[in-house]
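Visitor: Hi, could you walk me through this structure? I'd like to go over how the helices pack, and then any pockets and odd bits of backbone.

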Amino acid sequence: MNTTSTATPYGTLPPASPVAARKPISLPRLNELRERGEKITMLTAYDATFAAVADAAGIECILVGDSLGMVCQGLPSTVGVSLETMRYHTESVARGVQRVQGTAWIIGDLPFGTYQESREQALRSATVLMQAGAHMVKLEGGGWTTETVRFLVERGIPVCAHLGLTPQTVHALGGYRVQGRGDSAAKLRQEALALQDAGAAMLVLEMVPAALSAELTQELSRCHTIGIGAGKGTAGQVLVMHDMLGINLGKNPKFVRNFMTGQSSVLDAMNAYVRAVKDGSFPDNALHAW
Ligand code: KIV
């Protein structure tokens with residue numbers, strides 16, 4: 001463990017911060033973390049400054065999520081986000097990360113309507129985000145995305161899949177509801193395994209029962225599970241930055257913790273998030289009673 005304080009342009013990190021020991025994140029490095037049982041931290045960021053602070057705080061993966069539609073653009077859902085908007089924010093985040101530490105792994109979210117039509121459409125859209133500075137793209141959905149994932153991975157584009165509550169299909173799901181309960185657990189498991197076989201290196205599990213996501217994490221040895229509202233048994237955790245800073249305009253989901261509480265800077269709040277994920281004190285399975 002780091003025993004000295006670490007100065008960053010945003011303030012001084014406490015001695016226990018994992019930042020000093022950081023190397024640039026890559027897929028082999030994420031595998032190393034998992035092999036030694038260290039949880040992976042992921043946070044959304046949408047602009048250069050917050051991305052640089054997240055990187056300085058030791059967040060391993062920055063997701064330029066299409067949640068920006070809601071938190072930056074004030075849209076009612078992520079459905080209205082365009083590829084050009086994602087390109088703009090991905091480029092901003094990539095610049096911010098490079099300005100300071102340059103270690104975070106950047107994931108660009110493919111927005112609604114930019115990968116559903118064909119594998120070729122997905123490749124064109126993914127190329128835009130990779131050229132804007134993403135190291136990986138994320139797309140939502142189950143079985144029907146498997147061949148798209150394979151197509152992208154075969155062409156050198158790392159892919160993060162996303163199962164459970166998939167916000168782009170909120171209208172089809174009937175709201176922001178828990179997924180994978182009861183009979184639907186078997187389908188979710190089958191889809192997760194198929195996505196791993198197709199080459200997905202990461203899988204976001206959103207609002208699925210903690211027991212199911214813990215089992216999937218054991219079963220998926222080649223794909224890192226990243227939970228949000230999915231309990232503590234996943235290989236890593238992700239939160240929407242505005243939620244964990246307590247500045248969400250809407251209602252925070254009950255599994256979110258406000259990491260700004262008791263902290264005097266955004267850097268400290270993000271560092272507290274990193275530490276809580278690493279030491280297993282976040283999330284709290286009692287708040288995932290689904
Ligand atoms: O867009 C986003 O922020 C996401 C996370 C909720 C995982 O997809």
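Guide: Happy to, and we can take helix packing, the largest pocket and some backbone details in turn. Bear in mind that this is a predicted model.

Visitor: Let's start with helices. How do people usually describe a packed pair?

Guide: Two packed helices are described by the angle between their axes and the distance between the axes.

Visitor: OK, then what angle do α8 and α9 make, and how far apart are their axes?

Guide: Helix α8 covers residues 184-198 and helix α9 covers residues 210-219; they pack at about 30°, and their axes are 11 Å apart. Since angles under 35 degrees count as roughly parallel, that makes α8 roughly parallel to α9.

Visitor: And which residues make the contact between those two?

Guide: On the α8 side you have A185, L188, R189, A192, L193 and Q196, and on the α9 side L212, E215, L216 and E219. Sorted by class, that contact has six nonpolar, one polar and three charged residues. The crossing of α8 past α9 is right-handed.

Visitor: What else does α8 pack against, say α6? What's the angle there?

Guide: Helix α6, residues 146-154, packs with α8 at an angle of about 20°, and the axes are 8 Å apart. That makes α6 roughly parallel to α8. This crossing is right-handed.

Visitor: Which residues of α8 face α6, then?

Guide: A194, L195, D197 and A198 of α8 are in that contact, and they meet T146, V149, R150 and V153 of α6. By class there are five nonpolar, one polar and two charged residues in the contact of α6 with α8.

Visitor: Does the trail go on from α6? How are α5 and α6 arranged, roughly parallel or oblique?

Guide: Helix α5, residues 119-131, packs with α6 at an angle of about 50°, with axes 9 Å apart. That makes α5 oblique to α6. The crossing of α5 and α6 is right-handed.

Visitor: Who's touching whom there?

Guide: From α5, the residues are R119, E120, A122, L123 and A126; from α6, they are E147, T148, F151 and L152. That contact divides into five nonpolar, one polar and three charged residues.

Visitor: Switching topic: what's the volume of the largest pocket?

Guide: The largest pocket has a volume of about 810 Å³. Its lining has 33 residues, and M70, E206, V240, D243 and P253 lie nearest the centre.

Visitor: Which helices and strands supply that lining?

Guide: α3 (68-71), β8 (202-206), β10 (236-239) and α10 (241-244) each give at least two residues to the lining of the largest pocket.

Visitor: And how do the lining residues split by class?

Guide: The lining of the largest pocket has 16 nonpolar, nine polar and eight charged residues.

Visitor: Last topic, backbone oddities. What's usual, so I know what to look for?

Guide: Most residues other than glycine have a negative phi, and most peptide bonds are trans.

Visitor: So where is there a cis peptide bond?

Guide: A cis peptide bond joins F282 and P283, with omega about 0°. P283 sits in the segment after α11 (266-278).

Visitor: And which non-glycine residue has a positive phi?

Guide: M207 does, with a phi of about 50°. You'll find M207 in the loop between β8 and α9.

Definitions and conventions. Residues numbered from 1 in each chain as written. Predicted model: local features only at pLDDT ≥ 70, side-chain atom pairs only at ≥ 80, totals over all residues. Heavy atoms only, no water. Axes fitted to C-alpha atoms, helices over the stretch in contact; angles between N-to-C directions. Helix = DSSP H or I, 4+ residues; strand = E, 2+ residues; numbered from the N terminus. Parallel < 35°, antiparallel > 145°, perpendicular 65-115°, else oblique. Left-handed = near helix turned anticlockwise from the far one by under 90°. Contact = heavy atoms within 4.5 Å. Nonpolar A, V, L, I, M, F, W, Y, C, P; charged D, E, K, R; others polar. 1 Å grid on protein atoms, 1.4 Å probe; cavity = no way out; pocket = protein on both sides within 12 Å on 5 of 7 lines; lining within 4 Å. Points joined across faces, edges and corners; volume = space filled by probe spheres on them.
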